[in-house]
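Please find below a colleague's note on the structure, set out as numbered points. Each point takes up one topic and can be checked against the structure as shown.

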Amino acid sequence: MERTLSSALLQTHSVASDKSAWLLRVIATLSLWQRRIVSRRQLARLDARLLADAGISENQRYVELQKPFWR
């Protein structure tokens, strides 16, 4: 006799999987946004000498700091 899963059970598993995947995407997005905020704050604190060492112009820094955290 062959055992098969009912479609209701498959659908329940799929819904649970979709919810966990959605949650992981939300966490990953929030983590990315936080990293952007932190790195832009660090960039804002660099003086002209450190910017030059990193090869970043004042204009490049200005453009980066004007971006919202989601971009």
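Is Phe69 buried, partly exposed or exposed, judged by its relative accessible area? The points below start from this residue, and they should be read with the reminder that the model is predicted.

1. Accessibility of Phe69. With a relative accessible area of 33%, Phe69 is partly exposed, because that value falls between the limit of 20%, under which a residue is buried, and that of 50%, over which a residue is exposed.

2. The pair of Phe69 with Trp33. The count of aromatic pairs comes to 2. In one of them the ring centres of Trp33 and Phe69 are 5.0 Å apart and the ring planes stand at 75°, so this pair is edge-to-face, given that planes over 60 degrees apart are classed in this way. The pair links distant parts of the chain, since Trp33 belongs to helix H1 (residues 7-45) while Phe69 lies in the segment after helix H3 (58-66), with their positions 36 residues apart in the numbering. Trp33 itself counts as partly exposed, at 27% relative accessibility.

3. The pair of Phe69 with Trp70. The rings of Phe69 and Trp70 likewise have their centres 5.0 Å apart, and with their planes at 85° this pair too is edge-to-face. Trp70 counts as exposed, its relative accessibility being 52%, a value that passes the limit of 50%. Taken together, Trp33, Phe69 and Trp70 form one aromatic cluster.

4. Overall architecture. The protein contains 3 helices and 0 strands, and its elements, followed from the N terminus, run α-α-α. Of its 71 residues, 6% count as buried. The area that the protein exposes is about 6,300 Å², of which carbon and sulfur atoms supply 60%.

5. Arg40 and its surroundings. Arg40 is found in helix H1, and a relative accessible area of 11% makes this residue buried, because the limit for that class is 20%. When neighbours within four places in sequence are left aside, Arg40 is in contact with Glu64, Leu65, Lys67, Pro68, Phe69 and Arg71. Phe69, the residue with which this note began, is thus among the contacts of Arg40, in addition to being a member of the aromatic cluster with Trp33 and Trp70.

6. The salt bridge between Glu64 and Arg40. The structure holds 4 salt bridges. In one of these the side chains of Glu64 and Arg40 meet, at 2.9 Å from N to O, and the pair links distant parts of the chain, with Glu64 in helix H3 and Arg40 in helix H1, 24 residues apart. Glu64 is partly exposed, with a relative accessible area of 26%, whereas Arg40 is buried.

7. The network around Glu64. Lys67 also forms a salt bridge with Glu64, and here the closest N and O atoms are 3.1 Å apart. Lys67 is partly exposed, its relative accessible area being 31%. Through salt bridges that share partners, Arg40, Glu64 and Lys67 are joined into one network.

8. A salt bridge within helix H2. Arg49 forms a salt bridge with Asp53, with 3.8 Å between the closest N and O atoms, a distance to be read against the cut-off of 4 Å. Both residues lie in helix H2 (residues 48-54), where Arg49 and Asp53 are 4 residues apart, about one turn of the helix. Arg49 is exposed, with a relative accessible area of 53%, and Asp53 is exposed as well, with a value of 59%.

9. A nonpolar patch on the surface. Trp22, Leu23, Leu24 and Ile27 form a nonpolar patch on the surface, and together these residues have about 440 Å² of accessible area. Ile27, which lies in helix H1, counts as partly exposed at 47% relative accessibility.

10. The annotated domain. An unreviewed UniProt entry lists residues 26-61 as "domain: YjiS-like", and such an annotation may be inferred rather than shown by experiment. In the model this span is 86% helix and 0% strand, and its end C-alpha atoms lie 28 Å apart.

Key. Residues numbered from 1 in each chain as written. Predicted model: local features only at pLDDT ≥ 70, side-chain atom pairs only at ≥ 80, totals over all residues. Heavy atoms only, no water. Phe/Tyr/Trp six-rings, centres within 6.5 Å; stacked < 30°, edge-to-face > 60°. Helix = DSSP H or I, 4+ residues; strand = E, 2+ residues; numbered from the N terminus. Buried < 20%, exposed > 50% of the residue type's maximum accessible area, 1.4 Å probe, protein only. Patch = residues over 30% accessible without salt bridge, like charges linked within 9 Å, V, L, I, M, F, W, Y side chains within 5 Å. Areas by Shrake-Rupley, 256 points an atom, 1.4 Å probe, with all protein chains shown as cover. Contact = heavy atoms within 4.5 Å.
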